[in-house]
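Work through the exercises below with the sequence and the structure side by side, and try each task before reading its solution.

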Amino acid sequence: MNLTRLDLNTLLVFDAVLRERSATRAARRLHMSQPAVSNALSKLRHAFDDDLFVRSADGLRPTPRALELEAPVGRALLELEQALDPVKFDPKSAKWNFRIVANDYFVSVFLPRVAERLCAEAPLVNVQMLPDIGTGLEMLDNQRADFSFGVYHSLPERFSGLPLVSETKVVVMSSDHALAGQAMSLEDYANARHLQVAPTGDTYSPLDDILLERGFTRRIVMTVNQHAAVPAILRRTDLVATLATRVATYRCSDIQLVQKPLPLDLPSKMGTLIWHGRLATHPAHEWFRNLVREVAEEM
């Protein structure tokens, strides 16, 4: 494509419409009139020979071609902005918003300590938690998130990662549970009635495959999508929950609940903070990564 057919304003419009999924909101974001945004979209459609956006019930939906352009255009605009106006980040005075795709583990274990640090060191910085529905890397690609936290076994080269914490599992139950006052065998564990935490609502767990290899199955009576509900349910039922050790420590540390070792050897899982390589040297992002790393080191 001949770049003389485009100008910077049209690319800014493209980026804003992708983010907002609305010409009206994009115009407001760019301090432009809506006709000016519509005119820029017309130029873009002509230049790329593609509709780029089509109307739908939930706003302007990007075409496959627009989604292909999303990451490279966003990266180019960010690099140009940083080159022309290098970002200076002072946590004491900076107004910034970090968007993190993370599961309930991060919210339960990390977020309270991160919040404490932010309130003390960066009072104008905001954190927005986004649900982890398996699209964390995609959201980093299209700049809808700054970080993603989870267990990643391999990463494309365009991403960088910071391993934060490894986890083991424990079994939590009511202090009135029949198993509370005795050693728990693998058979006891398999025969118990189970409460499972699954942020996506999926009832499958790799733990069940391991149990099956040893000749056991378990009944999952209830599945919830967040750890906050677990303590109250366990106190009132004969269910047991298999939780990450730190979650159990922070969520289930009262005299009405008992924690027991999981009678099964499981490999520990390493939680990792992920970001896109284009932000590797961004001062605000470097500062936040260091803050999270320090929180992890203190745990």
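The exercises that follow concern a predicted model, and they deal with a helix contact, an aromatic pair and a charge over a ring.

**Exercise 1.** Determine how helix H1 and helix H3 are oriented to each other, and which residues meet.

Solution. Begin with the axes: those of H1 (residues 8–20) and H3 (residues 34–48) come within 9 Å and cross at roughly 105 degrees. Angles of 65 to 115 degrees count as roughly perpendicular, and H1 and H3 are therefore roughly perpendicular to each other. Next, list the residues in contact: on the side of H1 these are Thr10, Leu11, Val13, Phe14 and Val17, which meet Val37, Ala40, Leu41, Lys43 and Leu44 of H3. Sorted by class, this contact of H1 with H3 comprises eight nonpolar residues, one polar residue and one charged residue.

**Exercise 2.** Classify the aromatic pair of Phe106 and Phe149, and place both residues in the chain.

Solution. The structure holds eight aromatic pairs. In the one formed by Phe106 and Phe149, the ring centres are 5.1 Å apart and the planes stand at 50 degrees, so the pair is classed as tilted, given that planes under 30 degrees apart count as stacked and those over 60 as edge-to-face. The pair links distant parts of the chain, with Phe106 in helix H5 (residues 104–109) and Phe149 in strand S5 (residues 147–150), 43 residues apart. Both Phe106 and Phe149 are buried, and together with Tyr105 and Phe110 they form one aromatic cluster.

**Exercise 3.** Where does the charged end of Arg289 sit?

Solution. Look at the ring of Trp275: the charged end of Arg289 sits over this ring, 4.2 Å from its centre.

How values were computed:
Residues numbered from 1 in each chain as written. Predicted model: local features only at pLDDT ≥ 70, side-chain atom pairs only at ≥ 80, totals over all residues. Heavy atoms only, no water. Axes fitted to C-alpha atoms, helices over the stretch in contact; angles between N-to-C directions. Helix = DSSP H or I, 4+ residues; strand = E, 2+ residues; numbered from the N terminus. Parallel < 35°, antiparallel > 145°, perpendicular 65-115°, else oblique. Contact = heavy atoms within 4.5 Å. Nonpolar A, V, L, I, M, F, W, Y, C, P; charged D, E, K, R; others polar. Phe/Tyr/Trp six-rings, centres within 6.5 Å; stacked < 30°, edge-to-face > 60°. Buried < 20%, exposed > 50% of the residue type's maximum accessible area, 1.4 Å probe, protein only. Lys NZ or Arg CZ within 6 Å of the ring centre and 35° of its normal.
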